[in-house]
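Reader: I'd like to learn how to read empty space, ring pairs and backbone angles in a protein model. Could you walk me through this one?

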Amino acid sequence: MAASVRVGMVSLGCPKNLVDSELMLGDLARHHYEITADPAEAEVLIVNTCGFIDSARRESVDTILEMAEYKKKGSCRRLLVTGCLVQGYAEQLRAELPEVDAFLGSADYPGIARVVRGLLGRKEIEEPLLKVGNPAWLYDSASPRLLSTPPHMAYLKVAEGCDHACTFCAIPKLRGRMRSRPVEDILAEARSLAGRGVREINVISQDTSEYGRDLYGRPRLDALLEALDTVQGPRWIRLHYLYPAFLNDRVLAALARGRRLAKYVDLPLQHADDAMLKAMRRPGGYRANLELLERLRDRVPGAALRSSFIVGFPGETEERFETLLKFIRESQLDRVGVFAYSQEALTPSGSLPDQIPERVKESRRRRAMAVAAEVSARRLKGRVGETLEVMAERPSRDADAAVVDSVEHGSLAPRRVAPTIRRSAGDLWVGRTEWDAPDIDGRVYFTPAPGAAPSPGDFVRVRIERSTEHDLVGRVV
Ligand code: SF4
């Protein structure tokens, strides 16, 4: 029966959610559903939502309503909504979105093919299905998964959930307690990804530093790194979302030694002012965090350091915000993301006094990004004249376009490309170095050698001729 049923999926939010979407697609494909990228021709539509902050929730609801239109137009027979938004707001959604036939929580999607079959088997859905349990499930290497990223890169989720209590964050409520996959199982999936031609594996979880504590009684990121470094095939294995604790010498030594481990550290610090960090229930302080970054530079030579910060947290005075600006200047981070605080009912900080007006938050976000851009521009200028290894990703879609979109934590942050790098479309490629993660960091715009256009995923050597605030420009040598 399922052989001719077409299913479409919209995946919103972070790469962790994307992996969930790929697992749902894998289960559906295994049960002979046909996957389509065109919602107009889908008979079943699934929206895998994000519920992290207000803007993400709005985007999720807008997308559900947009997909519900396809039910009215006739092609879509069943609409399912999954993910974090359902986990946090199931009852509200059920009351307000009668178009939806099933709501599944953030870990309630295993066996989705069976759920779809059940829904299609019913003549009418009088009461939508609601399945929202305590998030406890995590996939393994035997779970079918359909990759949706470009063939040369993939995400690898090593753990799910979080045991921290950062006051601004709803993740522990939406994703449950931390649960790690065994090293051997992760290794099996990494090998399978390598066998599918993946050249860059991006290791993700909510808190990668603490990987393994729930399974082994203590964090075992060091053991995981050593195991992953043995996987033949990928050139870069990149770590995301490290927590500024548990980065012990064993982890740093493994990172420094690893031949395939990208020299890249993604360490969200969230703020730099001692009082703000305390209010956020984050570890460290101004001095301690600077020292941590110094230690990382010392132990993992040549590593690019990325961090992200929240501005406009309740009680953030102008003086405390200035402390953050000072930290961004002093720490000389290679890459910085800045987000405006979002007041959330599901979080402890949602009910704190001294909330900051939206326009102040936005103005601080811009000011902090401007300081980070100055630092980045200066650091990138130092690369001019070097020859770097670059992974080719794609021809530049429109090299004359003035705006390139960069996705930051699920929200679009338009970024201007300096006029100096505009060239006619067609002769320019976009790639990344080991120091740039997909979607969130900078790019290398390069001119291929005459008559030798690369394929996506190829590695080329690019001599850097120019730099902008966030990107490098050069040509293949
Ligand atoms: S460590 Fe990250 S995911 Fe966990 S509560 Fe803090 S911000 Fe949220």
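Reader: Let's start inside. Which domains give residues to the lining of the largest cavity?

Author: Happy to. In general, rolling a probe the size of a water molecule over the atoms shows where empty space is left. Keep in mind that this is a predicted model. Here, domain 1 (2-131) and domain 2 (153-380) both contribute to the lining of the largest cavity, so the cavity lies between them.

Reader: How many cavities of 30 Å³ or more does a search of the whole structure find?

Author: The search finds one. The largest cavity holds about 60 Å³ of space.

Reader: Which residues line the largest cavity, and how do they divide by class?

Author: The lining is made of Asp20, Ser106, Ala107, Tyr109, Trp137, Leu138, Tyr139, Lys157, Glu160, Arg175 and Arg179. By class, that gives five nonpolar, one polar and five charged residues.

Reader: Now for pockets. What is the volume of the second largest pocket, and which residues are closest to its centre?

Author: The volume of the second largest pocket is about 240 Å³. It has 14 lining residues, and Ala304, Asp334, Arg379, Arg383 and Trp435 are the closest to the centre. By class, the lining of this pocket has five nonpolar, three polar and six charged residues.

Reader: Where does the second largest pocket lie with respect to the domains, and why?

Author: The reasoning is like that for the cavity. Domain 2 (153-380) and domain 3 (387-476) both give residues to the lining, so the second largest pocket lies between them. If you go by secondary structure elements, the largest share of the lining comes from helix α13 (residues 358-381), with three residues.

Reader: There is a ligand too. Which residues surround the ligand?

Author: Around the ligand you will find Cys162, His164, Cys166, Phe168, Cys169, Ile171, Pro172, Tyr243 and Arg282. This shell divides into seven nonpolar residues, one polar and one charged.

Reader: On to the rings. How many aromatic pairs does the structure hold?

Author: It holds seven aromatic pairs. To read a pair, look at the distance between ring centres and at the angle between planes; planes over 60 degrees apart count as edge-to-face. Take phenylalanine 309 and phenylalanine 327: their ring centres are 6.1 Å apart and their planes are at 70°, so this pair is edge-to-face.

Reader: Where in the chain do phenylalanine 309 and phenylalanine 327 sit?

Author: Phenylalanine 309 belongs to strand β13 (residues 304-311) and phenylalanine 327 to helix α12 (residues 318-331), so to speak distant parts of the chain, 18 residues apart, linked by the pair. Phenylalanine 309 is buried, at a relative accessible area of 0%, and phenylalanine 327 also counts as buried, at 0%.

Reader: What about phenylalanine 313 and tyrosine 341: how far apart are their ring centres?

Author: Those centres are 5.2 Å apart and the planes are at 70°, so this pair is edge-to-face. Phenylalanine 313 lies in the loop between β13 and α12, while tyrosine 341 lies in the loop between β14 (335-340) and α13, so the pair ties together parts that are 28 residues apart in sequence. Both phenylalanine 313 and tyrosine 341 are buried.

Reader: Which residues do ring pairs link into a cluster?

Author: Tyr286, Phe309 and Phe327 are linked in this way. Tyrosine 286 also gives us a distance to look at: its C-alpha atom is 6.0 Å from that of aspartate 274, with their positions 12 residues apart along the chain. Aspartate 274 is in helix α10 (residues 274-280) and is partly exposed, with a relative accessible area of 48%.

Reader: Last topic, backbone angles. What is phi of arginine 281 near?

Author: The general idea: most residues other than glycine have a negative phi. Arginine 281 has a positive phi, near 60°. This arginine 281 lies in the loop between α10 and α11 (286-299) and is exposed, with a relative accessible area of 53%. Aspartate 439 has a positive phi too, near 75°, and lies in the loop between β18 (429-432) and β19 (444-447).

Conventions
Residues numbered from 1 in each chain as written. Predicted model: local features only at pLDDT ≥ 70, side-chain atom pairs only at ≥ 80, totals over all residues. Heavy atoms only, no water. Near = heavy atom within 4 Å. Nonpolar A, V, L, I, M, F, W, Y, C, P; charged D, E, K, R; others polar. 1 Å grid on protein atoms, 1.4 Å probe; cavity = no way out; pocket = protein on both sides within 12 Å on 5 of 7 lines; lining within 4 Å. Points joined across faces, edges and corners; volume = space filled by probe spheres on them. Helix = DSSP H or I, 4+ residues; strand = E, 2+ residues; numbered from the N terminus. Domains from an automatic or database assignment. Phe/Tyr/Trp six-rings, centres within 6.5 Å; stacked < 30°, edge-to-face > 60°. Buried < 20%, exposed > 50% of the residue type's maximum accessible area, 1.4 Å probe, protein only.
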